[in-house]
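Hello,

Here is the structure we talked about handing over. Please open it first, then read my notes below.

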Number of protein chains: 2
Amino acid sequence: MDDLPESDAFGAMCRDYHEQGDAFEVIERDDGFVDSPAGPEIYFSTPEQWDDREHTAVEWADGHVLDVGCGPGRHALALQERGHDVTGIDLSPGAMAVARDRGVGDVRRCDVAEAADLDGQFDSATMLGNNFGLVGNAERAPEILGALADATTDDATLVAESLDPLDTDDQAHLDYHERNHDRGWLPGRLRIRTRYRRYTGEWHDYLHVAPETMRELVADTVWSVEDVDREEALYVARLEKA
Amino acid sequence: MDDLPESDAFGAMCRDYHEQGDAFEVIERDDGFVDSPAGPEIYFSTPEQWDDREHTAVEWADGHVLDVGCGPGRHALALQERGHDVTGIDLSPGAMAVARDRGVGDVRRCDVAEAADLDGQFDSATMLGNNFGLVGNAERAPEILGALADATTDDATLVAESLDPLDTDDQAHLDYHERNHDRGWLPGRLRIRTRYRRYTGEWHDYLHVAPETMRELVADTVWSVEDVDREEALYVARLEKA
């Protein structure tokens with residue numbers, strides 16, 4: 001795995017952590033803020049290390065699961081362990097290779113917006129590890145949520161994890177919310193990229209929303225938020241089709 | 001310590017690690033390479049955690065020590081513990097405040113190039129934690145080494161730690177050496193800055209040299225390399241005035 005694209009910073013981090021047990025996570029935000037939020041360990045965590053919220057999330061998943069942004073596969077592996085068929089999708093070649101190497105049986109390179117092009121209907125979809133954020137921003141969210149509706153059965157469940165961006169007293173984040181507000185954007189709309197050694201990820205939008213904002217965002221889709229399990233700023237939501 | 005300048009990324013990292021036990025180190029090189037080389041822990045390490053080389057370094061120090069780039073003071077504290085008077089100099093307000101808070105008695109904001117302006121003659125000067133690198137580049141080295149000569153007694157010792165940049169098989173570093181070579185620069189000349197949350201350090205030159213290159217660099221100064229204690233790529237050198 002020496003030939004990852006230079007943009008696959010996330011994948012290179014996953015590869016090195018998987019192969020050598022040593023790597024670091026650096027996220028750069030477009031206001032110049034640099035963070036090392038969790039480290040690669042979190043992407044390789046096992047259920048014994050999880051909070052209750054994360055156990056709830058995998059319990060809510062049903063049948064054949066589409067794991068959106070599966071990364072190196074921590075949730076996919078736990079779901080397989082529970083007896084589910086799992087299809088993991090991701091855009092990071094490095095993370096996909098690691099997921100396969102760790103035993104995730106079905107990993108495909110697919111943008112969540114094209115999830116409906118995958119053959120077959122899924123009984124549930126998961127956006128875990130804050131991956132509700134992959135909707136990107138308020139404008140793009142309906143398209144993504146529509147793609148997941150098309151990719152799933154009529155009685156499918158969508159399990160989505162997010163973080164309430166307002167649950168902070170960090171002035172750097174509060175200032176960023178204010179900047180977003182001035183642009184008419186949701187406070188938790190982040191423009192970020194991953195950096196890792198010589199790899200520099202593409203700038204992309206990632207969205208953190210409070211549960212009430214998630215309810216508003218899905219209001220014009222077939223999805224509705226039926227349940228929320230919250231632990232401090234983090235929460236997981238169970239969405240069903242109306 | 002909430003009012004550090006936005007450029008004091010190193011100091012903000014030291015402050016947070018000192019106050020909260022949690023921070024991270026991000027170094028950005030001018031070719032886009034991003035590293036998290038050691039983490040703040042290294043700057044707070046205690047002698048029990050040191051390699052032999054570092055013990056040799058503090059044993060080589062003599063009398064009243066000028067600790068160049070003292071940071072949060074790990075070497076200054078160990079030198080004080082051994083009975084030395086120590087004057088630490090640094091440019092980071094955050095690191096200086098932490099050093100004082102940890103018990104370093106004399107910490108001054110001073111560029112190494114102006115070390116001769118400090119009152120008094122020092123019996124030795126230390127550039128530890130790879131701080132020989134503060135000479136910046138081959139062109140600037142004579143000025144810095146001259147300033148340290150002026151700041152010290154006639155029989156003073158200079159204890160300098162560095163890293164042999166050629167002792168690597170990391171392709172990203174080898175490519176950077178090649179890039180430097182094409183410019184007529186020493187391979188270990190780095191242009192780097194520290195990033196930490198909302199803080200972005202100034203770009204600056206930092207120089208890693210092999211022991212033989214250190215000998216060449218000091219050839220036109222009053223200093224000469226009298227001893228080297230090397231552990232893999234890292235080494236400490238004892239320099240005396242000719």
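Two strands count as paired if DSSP finds at least two bridges between them. Keep that in mind for what follows. One caution too: this is a predicted model.

**A hairpin in chain A**

Let me start with β11(A) and β12(A). They run antiparallel and are joined by 8 bridges. Within that pairing, A:Val225 stands opposite A:Leu239 in β12(A). The two strands make a hairpin, with 2 residues between them. A:Glu232 sits in the loop between β11 and β12 (234–241) of chain A. Its phi is positive, about 55°, although A:Glu232 is not a glycine.

**The sheet of chain A**

The hairpin strands belong to an open sheet of 7 strands in chain A, in the order β5-β4-β3-β6-β7-β12-β11. The pairing is mixed. As general background, strands of a sheet pair through backbone hydrogen bonds, either parallel or antiparallel.

Which strands stand at the edges of the sheet in chain A? They are β5 (106–109) and β11 (223–231) of chain A. Each has a single partner strand, so one side of each is left without a neighbour in the sheet. Neighbouring strands are turned by 20° against each other on average, direction ignored.

Further in, strand β3 (residues 65–68) of chain A runs parallel to strand β6 (residues 122–127) of chain A. The two are joined by 3 bridges. Here A:Asp67 is opposite A:Thr126 in β6(A).

A helix covers part of this sheet. Helix α4 (residues 93–101) of chain A lies across β4 (86–90) and β5 of chain A. It runs at about 170° to β5(A).

**The sheet of chain B**

Chain B also has an open sheet of 7 strands, with the order β5-β4-β3-β6-β7-β12-β11 and mixed pairing. Its edge strands are β5 (107–109) and β11 (223–231) of chain B, and each pairs on one side only. The twist from one strand to the next averages 20°.

Look next at strand β6 (residues 122–127) and strand β7 (residues 152–163) of chain B. They pair in the parallel sense over 5 bridges. B:Ser124 has B:Thr157 in β7(B) as its bridge partner.

Two helices of chain B are worth finding here. Helix α2 (residues 52–60) of chain B packs on the sheet and touches β7, β11 and β12 (234–241) of chain B. Its direction makes about 150° with that of β11(B). Helix α5 (residues 141–150) of chain B lies across β3 (65–68), β6, β7, β11 and β12 of chain B. It runs at about 140° to β7(B).

**How the two chains are related**

What rotation superposes chain A on chain B? A rotation of 180° does it, with 0.0 Å of shift along its axis and an RMSD of 0.0 Å. That is the relation of a two-fold axis. In chain A, the C-alpha nearest the axis belongs to A:Val26, 3.9 Å from it.

**The interface**

On the contact surface, 17 residues of chain A are in contact with 17 residues of chain B. Of the interface residues of chain A, 100% are also interface residues in chain B, so the copies meet through the same surface. The area buried between the chains is about 1500 Å². Carbon and sulfur atoms give 47% of that area.

How many salt bridges are counted between chain A and chain B? The count is 6. Over all chains, it comes to 40 salt bridges. One of the crossing pairs is A:Asp170 with B:Arg197, at 2.3 Å from N to O. A:Asp170 is in the loop between β7 (152–163) and α6 of chain A. B:Arg197 is in the loop between β8 (189–196) and β9 (199–200) of chain B.

Between the two chains there are also 10 residue pairs in polar contact. On the side of chain A that touches chain B, β1 (26–29), β2 (34–35), α6 (171–182) and β8 (189–196) of chain A each supply at least two residues. The largest share, 3 residues, comes from α6(A).

One last residue to look at is A:Arg197. It is placed in the loop between β8 and β9 (199–200) of chain A. Its phi is near 50°, a positive value in a residue other than glycine.

Best wishes

Note on methods. Residues are numbered from 1 along each chain as its sequence is written. Chains are lettered from A and ligands numbered from 1 in the order in which they are written. This is a predicted model: local features need pLDDT of at least 70, side-chain atom pairs count only at pLDDT 80 or more; totals for chains, interfaces and linings use all residues. Side-chain values use heavy atoms; hydrogens and water are left out. Helices (H or I, at least four residues) and strands (E, at least two) are DSSP runs, numbered from the N terminus. Axes are lines fitted to C-alpha atoms, for helices over the stretch in contact, and angles run from 0 to 180 degrees between N-to-C directions. Contact means heavy atoms within 4.5 Å. Copies are superposed by least squares on the C-alpha atoms of residues with pLDDT of at least 70 in both. Buried area is the accessible area (1.4 Å probe) that two parts lose on being put together, summed over both. A salt bridge is a side-chain nitrogen of Lys or Arg within 4 Å of a carboxyl oxygen of Asp or Glu. A polar contact is a pair of N or O atoms within 3.5 Å; within protein, one must be able to donate a hydrogen and the other to accept it, and residues adjacent in sequence count only if both atoms are side-chain atoms.
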